[in-house]
Structures are given as C-alpha cells and as structure tokens.
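I opened this notebook to keep track of what I looked up in one structure, residue by residue and then for the chain as a whole. The entries follow the order in which I asked.

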Amino acid sequence: MTYADLSLFQIVEGLRYAFPKRMKAFEREIPGLIELRDRVTERPNIKAYLTSERRIPFNEEGIFRRYKALDL
C-alpha cells in the first residue's frame, strides 16, 4: 500500500461521484485501476474507515461534485 494507491483510490471514488454515468462506461477501459480501487477498499483498516462516521462524504462543495451537464 502506497500513497499512490490511496490517491488513485480517492480519484476513482471522486470521479464515480462526479460522473457516475461516464465512469460506469469508462471503467471497462481501466480494469487494472478498478482492481486496485477494489483491493484498497478491502484492506481492514480502510474498510473500517470507509464505513465509519469519520469519513467525510462527497458533497457539492469540493472538487468532486456532481457535474450533471458533463456526465454524458
């Protein structure tokens, strides 16, 4: 587990939030990255954090906000 792994995990999660339709289609083209995201999610401490109240959910205030007009 590296900072790069965690950063890529966060990018994939953020893009899934911002562009759900486009990411659903695009993920077929990046299976290795999606597998990395899935492996990060299964790490015990990360899994516990992701389901905890400590995790700040994505919202419309941050960089990863919904871009409905661009989600083609």
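**Entry 1: Phenylalanine 9**

I began with phenylalanine 9, which is buried, with a relative accessible area of 6%. I note at once that I am working on a predicted model. I then looked up its place in the chain and found phenylalanine 9 in helix α1. Leaving out residues up to four places away in sequence, I listed what phenylalanine 9 touches, and the list reads Arg37, Val40, Thr41 and Leu50. For one of these partners I also took the separation: phenylalanine 9 and arginine 37 are 28 residues apart in sequence, yet their C-alpha atoms are 4.9 Å apart in space.

**Entry 2: The pairing of α1 and α3**

Next I asked how the two helices are set against each other, and found that the axes of α1 (residues 3-18) and α3 (residues 31-42) come within 9 Å and cross at roughly 105°. Angles of 65 to 115 degrees count as roughly perpendicular, so I entered α1 as roughly perpendicular to α3. On the α1 side the contact is made by Asp5, Leu6, Leu8, Phe9, Val12, Glu13 and Arg16, and on the α3 side by Leu33, Ile34, Leu36, Arg37, Val40 and Thr41. Sorting the residues of this contact by class, I wrote down 8 nonpolar, 1 polar and 4 charged.

**Entry 3: Glutamate 13**

Is glutamate 13, a charged member of that helix, buried or exposed? I looked up its place first, which is in helix α1, and then its relative accessible area, which is 14%, so I recorded glutamate 13 as buried because the limit for that word is under 20%. Setting aside residues up to four places away in sequence, I found that glutamate 13 touches Arg37, Arg55 and Phe58.

**Entry 4: The largest pocket**

I then turned to open space in the model, and the largest pocket came out with a volume of about 280 Å³. It is lined by 15 residues, of which Gln10, Tyr49, Arg55, Ile56 and Phe58 are the closest to its centre. When I asked which elements give two or more residues to this lining, the answer was α1 and α4 (44-50). By class the lining has 11 nonpolar, 3 polar and 1 charged residues.

**Entry 5: Phenylalanine 19 and tyrosine 67**

I followed α1 onward to phenylalanine 19, which is found in the loop between α1 and α2 (20-26). Apart from residues up to four places away in sequence, phenylalanine 19 touches Tyr67, Leu70 and Asp71. I also checked its separation from arginine 65, and the two are 46 residues apart in sequence and 8.6 Å apart in space, C-alpha to C-alpha.

Looking from the other side of this contact, I placed tyrosine 67 in the segment after α4, and found that tyrosine 67 touches Ala18 and Phe19, again without counting residues up to four places away in sequence. Its relative accessible area is 27%, and I therefore noted tyrosine 67 as partly exposed. Its C-alpha atom lies 10.0 Å from that of leucine 15, although tyrosine 67 and leucine 15 are 52 residues apart in sequence.

**Entry 6: The chain as a whole**

Last, I stepped back to the totals. The chain has 4 helices and 0 strands, and its elements run α-α-α-α from the N terminus on. Along its principal axes the C-alpha trace spans about 35 × 30 × 20 Å. Of the 72 residues in the chain, I found that buried ones make up 26%. Finally I asked what share of the contacts between residues at least 6 apart in sequence join residues at least 24 apart, and I noted 70%.

Notes: Residues numbered from 1 in each chain as written. Predicted model: local features only at pLDDT ≥ 70, side-chain atom pairs only at ≥ 80, totals over all residues. Heavy atoms only, no water. Axes fitted to C-alpha atoms, helices over the stretch in contact; angles between N-to-C directions. Parallel < 35°, antiparallel > 145°, perpendicular 65-115°, else oblique. Contact = heavy atoms within 4.5 Å. Nonpolar A, V, L, I, M, F, W, Y, C, P; charged D, E, K, R; others polar. 1 Å grid on protein atoms, 1.4 Å probe; cavity = no way out; pocket = protein on both sides within 12 Å on 5 of 7 lines; lining within 4 Å. Points joined across faces, edges and corners; volume = space filled by probe spheres on them. Buried < 20%, exposed > 50% of the residue type's maximum accessible area, 1.4 Å probe, protein only.
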